[in-house]
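Reader: I have the sequence and the coordinates open. Please walk me through the main features, one question at a time.

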Amino acid sequence: MKNPLKVLSALTATAALALGMTACGGGDNTQASSDTITYWASDQGNSLDDTAAKLKPSLDRFTEKTGVKVKLEVIGWTDLYNRILTAVTSGDGPDVLNIGNTWAVTLQETGAFEPVEGELLDAIGGKDRFLQTSWSTGGAEGKTPTSIPLYGLAYNMYYNTKMFKEAGIEKPPVTWEEFVADAKKLTKDTNGDGKPDQWGFTAAGASVSANSHQAFIRGLQNGGTLFDKDGKPTFDSDPQVAGVKQWVDLMAVDKVMSPSDAELSQGAQKVDNLINGKAAMMFDQSPLKNFAARDFKDWGVAPVPMMTAYATGDRATQSHVAGINLSVFKNSKNKANAIKLAAFLTSDEEQVALNKAYSSLPVVTEASKDAAFQTEEVKAKNDALANHSLPMPLIAKEGQMETLTGTAIKNLFAKAATGTVSEDDIKAALKDANNQMAAAQ
């Protein structure tokens, strides 16, 4: 999820309405009749049009059931945050919208969104219907949430089965040591020019958000945290440095990741590398729609490797609790119908239909039992989400944390692509990020 924090910080400083990423209700609604609500949906498909086409049957069913029409706009992730910022300050936004769940605490601070209690909580059937790891992303710990889980996601390891077979690797790696060893076997010079053109692993090294996720996950696996119990940043602690070093070393030391990956900013680019046989493994949340679009069948799925095979507790973390949440604007002029849409989209039946369409995970436990979610790939993702995931730090400045840690790692990959990266380089980069985070608190 993207978090353009410079804009966010500016809003915080002016104390306008808030920071956030989700739109205010009101502006559009003054023009709408009482039987029409506006909905901003995030891009969950292969394109904006594809997302709208897959969402339309659900919204048509909602209209048929309630008589309420939905004015839909699908907004791409590169634009959604700024659109929401504008809506928050202007009051001109939708009744209902999707947000990246890592934004929830920041948005909660604005006071612009309907608390999930009373009528809204009753309408969605209470929190016990939901997967509790996903529910935990709805707002700050100890506060009433202001967003509701809608689509679940989690990281798994995806691999090219044809490349594994050619390398004589019979099963996916379980531990980080096995993972690096297999990645080295899969890194090859197939052109005979003395330079690898097939790589063991691929990642979007220029993706700030993806890098921040790995700082979080790899830190936990090494016994660290991004913040201590008092909320102070610990980006440069020894366990965090160790975790980030493992990530950057894939390019800098282990040489199993192409230097060109340092320039990749979009997840779809690494998916292309896997499909095209340029790389054998990747960590991803939901590549199946890309696989299907390219008719790619030589893939397998496995859990993200851990430091030890039987790790427990925080050290068993394989993903952050990823996904999309839904919020209702507190100043919606049509709140009753907005609440009806929130309840409808999180009903068992629609959770099955929507998450099948988008290759994501139901966040409602009953929907997870549907036959559509019993495949090997979905079971692996469900296990990761339910049992091996923790929310990104539930703090108002979560986005700033993502920007600082993710940018530090992006710059380390850029350095690794053209030279060497020492442990001292990693410590210095994380210390600088840590100091900036501390100064912002």
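Reader: How much space lies in the largest pocket?

Author: This is a predicted model. Of the 34 residues that line the largest pocket, the closest to its centre are Trp77, Gln266, Gly267, Ala268 and Lys289. The space in this largest pocket is about 990 Å³.

Reader: Which helix gives the largest share of the lining of the largest pocket?

Author: Several elements each supply at least two residues of that lining: helix 3 (77–90), helix 9 (208–221), helix 11 (267–275), strand 6 (281–284) and helix 12 (288–293). The largest share is four residues. Those four come from helix 11.

Reader: How many residues of the lining of the largest pocket are charged?

Author: The lining divides into three classes. Nonpolar residues number 13, and polar ones 16. The charged residues number five.

Reader: What is the strand order of the open sheet of five strands?

Author: Start at the edges. Strand 2 (69–75) and strand 4 (148–153) each pair on one side only. The pairing in this sheet is mixed, and neighbouring strands are turned by 20° against each other on average, direction ignored. The order is 2-1-3-9-4.

Reader: Which residue in strand 2 stands opposite tryptophan 40?

Author: Strand 1 covers residues 36–42 and runs parallel to strand 2. Seven bridges join the two strands. Opposite tryptophan 40 stands glutamate 73.

Reader: What angle does helix 2 make with strand 2?

Author: Helix 2 (residues 48–66) packs on the five-stranded sheet. There it touches strand 1, strand 2 and strand 4. Its direction makes an angle with that of strand 2 of about 160°.

Reader: Why is the pair of tyrosine 151 and tyrosine 358 called edge-to-face?

Author: A search of the whole structure finds 19 aromatic pairs. In this one, the ring centres are 5.5 Å apart. Planes over 60 degrees apart count as edge-to-face. The planes of tyrosine 151 and tyrosine 358 stand at 75°, so the pair is edge-to-face.

Reader: How many residues apart in the chain are tyrosine 151 and tyrosine 358?

Author: Tyrosine 151 sits in strand 4. Tyrosine 358 belongs to helix 14 (residues 348–358). The pair links distant parts of the chain, and the separation is 207 residues.

Reader: What is the strand order of the open sheet of three strands?

Author: Strand 6 and strand 7 (299–302) are the edge strands, each pairing on one side only. The pairing is antiparallel. The twist averages 30° from one strand to the next. The order is 6-5-7.

Reader: Which residue in strand 7 stands opposite methionine 157?

Author: Strand 5 (residues 156–160) pairs with strand 7 in the antiparallel sense. Four bridges hold that pairing. Opposite methionine 157 stands alanine 302.

Reader: Which helix packs on the three-stranded sheet and touches strand 5 and strand 7?

Author: Helix 11 also packs on this sheet, but it touches strand 5 and strand 6, with its direction at about 145° to that of strand 6. The helix on strand 5 and strand 7 covers residues 376–387 and makes about 150° with the direction of strand 5. That helix is helix 16.

Reader: How far apart in space are leucine 288 and tyrosine 158?

Author: Leucine 288 lies in helix 12. Not counting residues up to four places away in sequence, leucine 288 touches Tyr158, Trp299, Ser359 and Glu377. Leucine 288 and tyrosine 158 are 130 residues apart in sequence. Their distance in space, C-alpha to C-alpha, is 10.0 Å.

Key. Residues are numbered from 1 along each chain as its sequence is written. This is a predicted model: local features need pLDDT of at least 70, side-chain atom pairs count only at pLDDT 80 or more; totals for chains, interfaces and linings use all residues. Side-chain values use heavy atoms; hydrogens and water are left out. On a 1 Å grid over the protein atoms alone, a cavity is a set of points where a 1.4 Å probe fits but cannot get out, and a pocket is an open set with protein on both sides within 12 Å along at least five of seven lines; lining residues have an atom within 4 Å of a point. Grid points are joined across faces, edges and corners, and a volume is the space filled by probe spheres set on the points. Ala, Val, Leu, Ile, Met, Phe, Trp, Tyr, Cys and Pro count as nonpolar, Asp, Glu, Lys and Arg as charged, and the others, Gly among them, as polar. Two strands pair if DSSP finds at least two bridges between them. Axes are lines fitted to C-alpha atoms, for helices over the stretch in contact, and angles run from 0 to 180 degrees between N-to-C directions. Contact means heavy atoms within 4.5 Å. Rings of Phe, Tyr and Trp (its six-membered ring) pair if their centres lie within 6.5 Å; planes under 30 degrees apart count as stacked, over 60 as edge-to-face and the rest as tilted.
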